[in-house]
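Hi,

Here is the structure I promised to pass on. Have a look at it first, and then read my notes below.

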Amino acid sequence: MIAAGCAALAVLELDATLVAQTLVSRPFVAGALLGALGGRPQAGALLGAAFELLSLSDLPVGGCLTWSASVAAGTGAILICAGVSSGLCFAGGLAAGILHAKLEAVERARRAATGDALAARAEASGGELGRALGFSIASHAAMTFVVSGAVAAAVLYVDRWWWTRFPDFIRAGAAFAASSAPWIGLSGVAAWGLNRS
Amino acid sequence: MTPWMKARVGARLLLLQARWDPARMQGPGFAFALEPWLETCWAGDPDGLRAARRRHLEYFNTHPIAAWLTAGVVCRLEAAAAVSSGAAREATVAKIRSLKTSLGATLAGLYDSFFWGGLRPASALAGVLAAQAAYHFGFAHAIRWGLLTALVLYNVPAFAARAAGLRRGWEEGEGAVVALCRLPVQSCILGLRRAVVGGAVLSFGFGAVLHGREELMTAGLVFAAGLFLARRGWSPLAQIGFAGAGGMAASFAGFWP
């Protein structure tokens, strides 16, 4: 079930930058869809809405890469469907979103390093570009699958063996951060709108 | 350009950023999108085709939806370059290069503000609001209504702008850009941003009525603190970290929960 969720997230996340940008990768949509896949659409949508509101004022311009809200919401939804507590789901989703953005920066730098060689090949044959784009899409989807899967596995391990042994105040802090997220996101949106109106 | 050719170029433009990199940005994706048209235009001239591919593999960057209008204008100019020769061809090729750079940057500013800065947050927030409202008023399938609202509100204008951009760019060339600049886009952007602020307040209201008085007070405090910190440049992620640390400290000291 977790592998299927990560695979679905890997496909949905392509929409964020690489393919089409139709908003199906938005956290609210991805969270609800992955929640529905795991049998908890409402929980997935709620978590997705929290990440949606947190990321609403981020503009994806100039190659900006702070964190991937889609991966955060998707991983969080996968975890919530696996029965993990909401505080830990939120923290795990956030960790996956930040890790994904770091690796995407590495991926982009690698593409830039091989750009001249590709251009030389593509000049001679138009088919080269299609193959390069296909490889780029496949490797990005694989990276998303691995990141969300690895973080989900790590969080599940912590949840099963360690989370109940953590001091109460740490678990309370994680729960407070998760429950505050929608309000922080809404205040960010309001401030962003007021700054630009 | 036949409708079939426009559909092929359009479908390929959906992969504009599939090989985005910091050096060439959307260049490889743009060259991939134009490939069928370049092969048609430069069918009898292999050297011309290579040169055309080379110039489109160079750095190019704009908003993904604005790329459709740019592609329409560039396709028209490529067709003109292919049927001309000598100095006229060189002038057209130079025009393609300069136009891509200037048009890309100009349109990016306009489209980023409208689509990323206005329509995207407004439609996403409308989706969240629709789900909240459907849940609040007892409609079935509240989440489906929310998803549908967000996707339709964003994608109908976005795909209309894509199709119109490619068609009018091809038919009118640079005239299409002049016509675009006459549209009241800035007032639309301002309206969308005001709608986002109003939507955020309404969403807070819907969320608040679902909570008890004590939770409502906490939510109000977090919202007020978030507004204060956000206006002072704190990112949402930094605020989440601050909230987590604050929650731990309050719990450790015995104030919460």
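Let me start on the outside of chain B. Phe137(B), Phe139(B), Trp145(B), Leu148(B), Val152(B) and Val156(B) make up a nonpolar surface patch of about 670 Å². Before you read too much into that, bear in mind that this is a predicted model. One member of the patch, Phe137(B), sits in the loop that links α5 (86-136) to α6 (142-172) of chain B. Its relative accessible area is 57%, and exposed means over 50%, so Phe137(B) counts as exposed.

Now for the part I think you'll want to look at, where the two chains meet. The size of an interface is often given as the accessible area lost when the parts come together. Here, chain B and chain A bury about 6400 Å² between them, and 75% of that is on carbon and sulfur atoms. On the chain B side, Arg19(B), Arg120(B) and Ile240(B) lose the most area to chain A, together 11% of what that side buries. In terms of contacts, 72 residues of chain B touch 74 residues of chain A.

There are polar links across the interface too. I get 13 residue pairs in polar contact between chain B and chain A, counting pairs with both residues at pLDDT 80 or more. Which elements of chain B give two or more residues to the side that touches chain A? They are α2 (27-41), α3 (46-57), α5, α6, α8 (185-209), α9 (213-230) and α10 (236-252). Of these, α5(B) gives the most, with twelve residues.

On to the salt bridges. Over all chains the count comes to 18, and two of them run between chain B and chain A. Here are both of those cross-chain pairs:

- Asp116(A) with Arg24(B): the closest N and O atoms are 2.4 Å apart. Asp116(A) is in helix α6 (residues 115-124) of chain A, while Arg24(B) is in the loop between α1 (3-13) and α2 of chain B, so this pair joins two chains. Asp116(A) counts as exposed, at 57% relative accessibility, whereas Arg24(B) counts as buried, at 16%.
- Arg54(B) with Glu123(A): their side chains meet at 3.0 Å, N to O. This pair crosses from helix α3 of chain B to helix α6 of chain A. Arg54(B) is partly exposed, with a relative accessible area of 40%, and Glu123(A) counts as buried at 13% relative accessibility.

Within chain B, Arg53(B) forms a salt bridge with Glu39(B), with 3.5 Å between the closest N and O atoms. Arg53(B) lies in helix α3 and Glu39(B) in helix α2, so the pair ties together parts that are 14 residues apart in sequence. Is each partner buried or partly exposed? Arg53(B) has a relative accessible area of 7% and is buried, while Glu39(B), at 39%, is partly exposed. Over in chain A, Arg121(A), Glu128(A) and Arg131(A) are joined into one network by salt bridges that share partners.

Two single residues to click on before you close the file. In chain B, try Thr62(B), which lies in the loop between α3 and α4 (66-83). Thr62(B) is buried, with a relative accessible area of 5%. A polar atom of the Thr62(B) side chain lies 2.9 Å from the backbone oxygen of Gly104(B). Leaving aside neighbours within four places in sequence, Thr62(B) is in contact with Gln26(B), Ala67(B), Gly104(B), Leu107(B) and Ala108(B).

In chain A, try Ala153(A), which you'll find in helix α7 (residues 127-161). Ala153(A) is partly exposed, with a relative accessible area of 45%. Put a distance line from its C-alpha to that of Leu79(A): the two are 74 residues apart in sequence and 9.1 Å apart in space.

That's what I have for now. Shout if anything looks odd on your screen.

Cheers

Note on methods: Residues numbered from 1 in each chain as written. Chains lettered and ligands numbered in written order. Predicted model: local features only at pLDDT ≥ 70, side-chain atom pairs only at ≥ 80, totals over all residues. Heavy atoms only, no water. Patch = residues over 30% accessible without salt bridge, like charges linked within 9 Å, V, L, I, M, F, W, Y side chains within 5 Å. Areas by Shrake-Rupley, 256 points an atom, 1.4 Å probe, with all protein chains shown as cover. Salt bridge = Lys/Arg side-chain N within 4 Å of Asp/Glu carboxyl O. Helix = DSSP H or I, 4+ residues; strand = E, 2+ residues; numbered from the N terminus. Buried < 20%, exposed > 50% of the residue type's maximum accessible area, 1.4 Å probe, protein only. Contact = heavy atoms within 4.5 Å. Buried area = accessible area lost by both parts, 1.4 Å probe. Polar contact = N/O pair within 3.5 Å; in protein donor to acceptor, adjacent residues only side chain to side chain.
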